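This report looks at how one protein model is put together, with attention to confidence, packing and charged pairs. Please keep the structure in view while reading.

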Amino acid sequence: MKTIVTDERVFIHIKKRLTEDDMRTLPYDPINDVNLDTGIINTFQSLQTGARTDTVQALDKDDAKDAIEYLRTRTRELPQ
């Protein structure tokens, strides 16, 4: 999986082996929380929307940190 972060939404690309790939589009409005979980080997980005949490393994730790900070800023800018 990978995430693509734009100024209006987040795309989550899910690569599947036997079936077609899946692309989820997530506008900023429903995002309640974003987290970055880092370990020795793996880094994961989590986006929570209500009862659902999408967790994506990040390929680059620094890019993941930048993306999470941008997502936090964008979700704070939205009118409540």
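The sections below take up confidence, the nonpolar core, two residues in strands, and the salt bridges.

**Confidence**

The model is predicted, and its protein chain averages a pLDDT of 87, with 99% of the residues scoring at least 70. Confidence is lowest in strand β1, which covers residues 2-5 and has a mean of 84, whereas strand β4, covering residues 33-38, has the highest value, at 92.

**The nonpolar core**

The largest nonpolar core has 12 residues, and these are V10, I12, I14, L26, Y28, I31, V34, L47, V56, I68, L71 and L78. Two elements, β2 (9-14) and α1 (61-77), give two or more residues to this core, and β2 gives the most, with three residues. One member of the core, V10, touches T3, I4, R24, T25, L26, Y28, I31, L47 and L71 when residues up to four places away in sequence are not counted. Several of these partners are themselves listed in the core, including L26, Y28, I31, L47 and L71.

**Two residues in strands**

T49 is placed in strand β5, which spans residues 43-49, and with a relative accessible area of 13% T49 is buried, because this value falls under 20%. Leaving aside residues up to four places away in sequence, T49 touches L26, P30, I31 and N32; among them, L26 and I31 belong to the largest nonpolar core.

P27 is found in strand β3, which spans residues 22-27, and is partly exposed, with a relative accessible area of 37%. Under the exclusion of residues up to four places away in sequence, P27 touches E8 and R9. The C-alpha atoms of P27 and M1 are separated by 18 Å, and these two residues are 26 residues apart along the chain.

**Salt bridges**

Side chains of opposite charge can pair when their charged atoms come close. The structure holds six salt bridges, and three of these pairs are set out here with their N to O distances.

| Pair | Distance, N to O |
|---|---|
| R24 and D22 | 3.9 Å |
| R24 and D54 | 2.5 Å |
| R74 and E77 | 3.2 Å |

Which parts of the chain does the pair of R24 and D54 tie together? R24 lies in strand β3 and D54 in strand β6, which covers residues 52-58, so the pair ties together parts that are 30 residues apart in sequence. In terms of accessibility, R24 counts as partly exposed at 27%, whereas D54 counts as buried at 8%. The other partner of R24 in the table, D22, is partly exposed, with a relative accessible area of 26%. D22, R24 and D54 also appear together with R52 in a network of salt bridges that links the four residues. R24 is, in addition, one of the residues that V10 touches, and V10 belongs to the largest nonpolar core.

The pair of R74 and E77 lies within helix α1, where the two residues are separated by about one helical turn because they are three residues apart. E77 is exposed, with a relative accessible area of 52%.

Notes. Residues are numbered from 1 along each chain as its sequence is written. This is a predicted model: local features need pLDDT of at least 70, side-chain atom pairs count only at pLDDT 80 or more; totals for chains, interfaces and linings use all residues. Side-chain values use heavy atoms; hydrogens and water are left out. pLDDT is the predictor's confidence in each residue, from 0 to 100. Helices (H or I, at least four residues) and strands (E, at least two) are DSSP runs, numbered from the N terminus. Buried means under 20% relative accessible area, exposed over 50%, partly exposed in between (1.4 Å probe, protein chains only). Contact means heavy atoms within 4.5 Å. A nonpolar core is a set of buried Ala, Val, Leu, Ile, Met, Phe, Trp, Tyr and Cys residues joined through side-chain atoms within 4.5 Å. A salt bridge is a side-chain nitrogen of Lys or Arg within 4 Å of a carboxyl oxygen of Asp or Glu.
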